[in-house]
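Colleague: Please take me through the helix packing and the aromatic contacts of this model.

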Amino acid sequence: MSFPSASARLTTPQRGVPAVRIGSLGLGTPLMLAPMAGVTNPPFRQLCRQFGEQALADVAGDSGVAGPDGVVNPDHAEGTFAPAGLYVCEMITSRALVERTPETMRMIQPDMGDPVRSIQIYGVGPAAVGESVRLVVGNGYADHIDLNFGCPVPKVTRKGGGSALPWKHDLFEAIVSEAVRAADEASGGRVPVTAKFRIGIDDDHETFRDVARICEDAGIAALTLHARTTAQHYAGTARWEVIGDLVRESSLPVFGNGDVFEAEDAAAMMELTGAVGAVVGRGCQGRPWLFYDLVAAMHGSDRRMRPNLARVCEIIMRHAELAVEHFGDDRRAMREMRKHVGWYMRGFAVGGQLRRDLGLVETLEDLRARLGQLDLDQPYPEAASGPRGRAGGEKQPHLPEFWLDSHELTAEQKARLHEAELGISGG
């Protein structure tokens, strides 16, 4: 499988590995795990990353060269380099970071084996965003900052946050400029800032071109476009052609996001759009091994992982053990694992009662016992592949009153904007 060349792509001569430069950060594989609230915590990120690294080792073994420890890029000798891509922390609010809430400080704990620590920050106030960036960069929590402007949830957009925010050019420019300035000051220019956003609020109120222009002027290092509008939420089909428009019109590296559920989807999206890489979210829920397929494909291999149920259960138990270690509490870890177990079981014959029991596990040993009741000889089912996550239907965007009348904040809108950060997942 071939992936298209792009101006931001580098090549490691001794490996032929495609790489992308984002400021001083090098990606040996042009791939990102999208931040997902309540999903991409350190245990899950570690699993995804390790599957990606396993793919690198297997592909290198096929060609008779060293594994991932030998995959280096001399162009990044003085910076950070992620051979298997970026595995981004779940979205963190700037307010929670500034207040240093205990849960937030737990959430930003890094996956210790990850060569590049990546955190996504959501905020609606330039000063708070800047302070939060200084905190995580200055204290060694992050080698890469991503800014979230893509949340379509009504409770966020009706206050002017999330994917509604880029409509206000003055506010958007102030936030991205302050984030870049803070990262540069705290790291001496070594930590790049990227931005993730949507096409716009709806078909009549697109913002992606203005976003790209403002980001470029502010010093943002790369862009991720989720190829849907706020009105679409996750419904319908991602409009990959708009990613192509952005690639042609922006000088920044562009990553494409939306409807990447298989390695072949990433290849098709990149071929169609010219994007330098792919960002994967819902497709890996219950399938951390998807990153094996993605990394293998991006390095020219047709290797794919199709685990039987016995292997899936081993992965679940490894995930659960990491969760217990992370949370320090069996019951808290199992509450977090319940949704994951449901995703892992997709397509396998489980049975109604056992499926319900798995959704109620409270301890690691309880989980192990329930999994032991399954028919573990089941092969990987076709139904486990393809689209995942709730799509729903299109929704009328919820916005503050008179939001679309101007690209600048009114005094009243500015006074109420802080409410857009209340109740947002992130601590």
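Modeller: Helix α9 passes helix α10 in a right-handed crossing (the near helix is turned clockwise from the far one by less than a right angle). The model is predicted, so local features need pLDDT of at least 70 and side-chain atom pairs pLDDT 80 or more, while totals for chains, interfaces and linings use all residues. Residues are numbered from 1 along each chain as its sequence is written, and side-chain values use heavy atoms, without hydrogens and water.

Colleague: How is α9 oriented to α10: parallel, antiparallel, perpendicular or oblique?

Modeller: α9 (residues 263-273) packs on α10 at about 45°, with the axes 8 Å apart. Axes are lines fitted to C-alpha atoms over the stretch in contact, and angles run from 0 to 180 degrees between N-to-C directions. Under 35 degrees counts as roughly parallel, over 145 as roughly antiparallel and 65 to 115 as roughly perpendicular; the rest are oblique. Therefore α9 is, relative to α10, oblique.

Colleague: Which residues of α9 make the contact with α10?

Modeller: Contact means heavy atoms within 4.5 Å. On the α10 side, L290, D293, L294, A297 and M298 take part. Their partners on α9 are A263, A266 and M270.

Colleague: Which residues do ring pairs link into a cluster?

Modeller: Rings of Phe, Tyr and Trp (its six-membered ring) pair if their centres lie within 6.5 Å. The whole structure has five aromatic pairs. The cluster linked by ring pairs consists of W289, Y344, F348 and Y380.

Note on methods: Phe/Tyr/Trp six-rings, centres within 6.5 Å; stacked < 30°, edge-to-face > 60°. Helix = DSSP H or I, 4+ residues; strand = E, 2+ residues; numbered from the N terminus.
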